[in-house]
Amino acid sequence: MALRRIFGMSSSAAQSAALPTLAQILGRVHLRLILFAVALAAASLVVSGGIVIRNYAQRNLDLIARTVSYTVEPAVVFGDADAIREGLVSVAAVGGVDRVEVRDPAGRVLAHWQHSHAELHSGIEDVANGVIWPDPSRAAIQRGDVVIGQVRVYGNSEGLLRYILAGLIIALSCLGLTVLATRILAQRLQKDVIGPLDHVADVAHSVRSDRAFEKRVPSSGIAEIDRFGQDFNALLAELQGWHAGLTSENAELARRATHDSLSGLGNRVLFEQTLGDAIGSSVRSGVSFAVLYLDVDHFKDINDRHGHECGDAALIAVAERLRQSIRHVDHAFRLGGDEFAVVLAPFYNRAHVDAVSARIDKSMERPFRLPNGLFATSTLSIGVAVYPDDGVSPQDLLRRADAEMYLRKRGRRSAGFEGIENA
Amino acid sequence: MKVANRLRIALLALAAVPLVGAADLVLVPVAGGANDPYAAPVGRIVQSITEYTSWPTRQNPVTLCVVGPAAHAERLDDLRLADGRLIERRTVALTGFAPAACDALYIGRVAMPDMRILTAQARGRGVLTIAEADPDCRSQAMFCLLFPPQAVTFRMNIDAIARSGLKVDPRVLRISQGGR
């Protein structure tokens, strides 16, 4: 369940697996409620029904006793036992009667009839008879004012037991039906209540696992969950803002770590990384690439003569011109001080390297403006190392390019930095 | 009060009297002697029939006329009904029967034509007729006694009862032979 993902987030997986779902809780509560209701209804119906039936049966027994008394009265007067028996059988041999006796005033049984226990007879019935009908219904047989006999009718609990049995069976069937209905209702409730909660859970999960901060909980049809969803959405919006700020700050920090703040070019760290990557890709492709090592000639003079502000301006100008002189697949770096480097993308022709060098030299011919209002030009000494001709390791390549750069610099020492007065 | 007590005792005794059921009475003499075993049951049946018969006017005492030679009529004296009325036995000659003087008529062993004459006289006059010696009940008597072995029963002639001018409790029909 998606809900378990929310509620079980901080706990272990085993714990969350043991937690019941909302649907299970709802189902359990429903089931208990239904069991209680049906049991209560069934019990009260069976008990009240049983009492009512017993009362009616009691009246029926009284009526039977009186009817037997009336019917057998002449037979008792005539003293005809057969007639007494026939009379009582004709009236009393019905369901609900266990035994009928006609006694004379001395208590002797003149005639009796006993319900045949062919079916469903058991000790239970005898016990029930004793409990439900502890005393028989009695009716006196009178002729005028004189009592000439007595009728005793003993009740039979068979009908009542059948009623209770039927009641139990009906209650059980009702229970089954209602349990089924509860299931269906619980499922519907689950769809209505837990569905919206599941939406929230899904959103929370995708936010957590996929950083999908732009997701929002859809509106549900339930006020509480809707309020919860709105707060959740607001929280998500805040999270999204924080996340965006954090991401851009991180990017800025990462950029600062690998870039020179003055010139905006990559720094030594990025240079070494880029050089390593370039060697790796050349090893795979077998195509050459070149590293250019550049140094501003007489940079110390600029600093000394015009101050560090002008030196920085010169470095920015150099960086700008370097950037303009190379293609977008090439990368320029400021390694520190007045040292720059360029990693040229793989090429198939050595002339390409020379063309880049020439383009850089040419770009430096244009004067640049210093903060003190003067214009100045400067030259760069460039040393080139080609992979794999001049070395296969970054150190070899750098050493080679550095050495070449120094050779060039010594050769043009005379040229130097030239300041031009602002016209 | 005294009468009621006596009556109660009499009825208790009556209820306690078992039916003629002794095993030595399988062969029954036609004519009863001094110890006629049928006498008591007959007395009881006559009393019971009277008990459940109602006259247009309440008769007290009830005059029971016995006609002809009766074999089992020894115990018809001093019978008493539940409500305390006495049954007064009167022996009447065959030709001396007058419906106005009798409430009930016990017909002894007389010839069928005589029985018919008696019942014809009694018809519609409010006289209860009981025939002792008419097992087929062709004499138009209302009640005819039967003497099967070990018991005394009776037969009812519904037609005769309907024409008698008396009311007989229909429950008596149940006790009569063929009425069940």
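In strand β4 of chain A, Gly149(A) is the bridge partner of Ile141(A). That pairing is a handy way into this model, which is a predicted one. Seven bridges join β3(A), residues 137–143, to β4(A), and the two strands run antiparallel. They form a hairpin with two residues between them, and Gly144(A) in the turn has a positive phi of about 70 degrees.

β4(A) has a partner in β1(A) too. Strand β1(A) covers residues 97–103 and runs antiparallel to β4(A), with six bridges joining the two. Here Val102(A) stands opposite Val151(A) of β4(A). How much of β4(A) is covered? Strand β4(A) spans residues 146–155, and seven of its ten residues are buried, so "mostly covered" is a fair description.

**Helices**

Next up is helix α6(A), residues 158–210. Its 53 residues should span 78 Å at 1.5 Å a residue, and the end C-alpha atoms sit 72 Å apart, which agrees. There is a kink, though: about 40 degrees at Ile194(A), shortly before the proline Pro196(A). After α6(A) comes Arg211(A), and its phi is positive, near 55 degrees.

Helix α3(A) runs over residues 22–78 and includes Val29(A). Together with Leu22(A) and Ile25(A), Val29(A) makes a nonpolar surface patch of about 210 Å². Is Val29(A) itself buried, exposed or partly exposed? At 47% relative accessibility, Val29(A) is partly exposed, because that label covers values between 20% and 50%.

**Salt bridges**

Over all chains, the structure holds 26 salt bridges. Three of them, all in chain A, are set out here with their N to O distances.

| Acidic residue | Basic residue | N to O distance |
|---|---|---|
| Asp104(A) | Arg108(A) | 3.2 Å |
| Glu252(A) | Arg256(A) | 3.1 Å |
| Asp297(A) | Lys409(A) | 2.8 Å |

Take Asp104(A) and Arg108(A), whose side chains meet in a salt bridge. Asp104(A) is buried, with a relative accessible area of 6%, while Arg108(A) is partly exposed at 45%.

Glu252(A) and Arg256(A) both belong to helix α7(A), residues 223–258, where they are four residues apart, about one turn of the helix. Glu252(A) has 32% relative accessibility and counts as partly exposed. Arg256(A), with a relative accessible area of 56%, is exposed, because the cut-off for that label is over 50%.

Then there's the salt bridge between the side chains of Asp297(A) and Lys409(A). Which parts of the chain does this pair tie together? Asp297(A) lies in the loop between β5(A) (288–296) and α9(A) (299–306), and Lys409(A) is in helix α12(A) (residues 394–411), so the pair links parts that are 112 residues apart in sequence. Both Asp297(A) and Lys409(A) are buried, so each has under 20% relative accessible area.

Finally, one group of salt bridges takes in both chain A and chain B. Which residues are linked in this network? From chain A come Glu73(A) and Arg143(A), and from chain B come Glu51(B), Asp169(B) and Arg171(B). Two of these names fall inside elements already met: α3(A) covers residues 22–78, which takes in Glu73(A), and β3(A) covers residues 137–143, which takes in Arg143(A).

Definitions and conventions
Residues numbered from 1 in each chain as written. Chains lettered and ligands numbered in written order. Predicted model: local features only at pLDDT ≥ 70, side-chain atom pairs only at ≥ 80, totals over all residues. Heavy atoms only, no water. Expected span 1.5 Å × (residues − 1). Bend = angle between axes of the 7 residues up to and from the residue. Patch = residues over 30% accessible without salt bridge, like charges linked within 9 Å, V, L, I, M, F, W, Y side chains within 5 Å. Areas by Shrake-Rupley, 256 points an atom, 1.4 Å probe, with all protein chains shown as cover. Salt bridge = Lys/Arg side-chain N within 4 Å of Asp/Glu carboxyl O. Buried < 20%, exposed > 50% of the residue type's maximum accessible area, 1.4 Å probe, protein only. Pairing = 2+ DSSP bridges.
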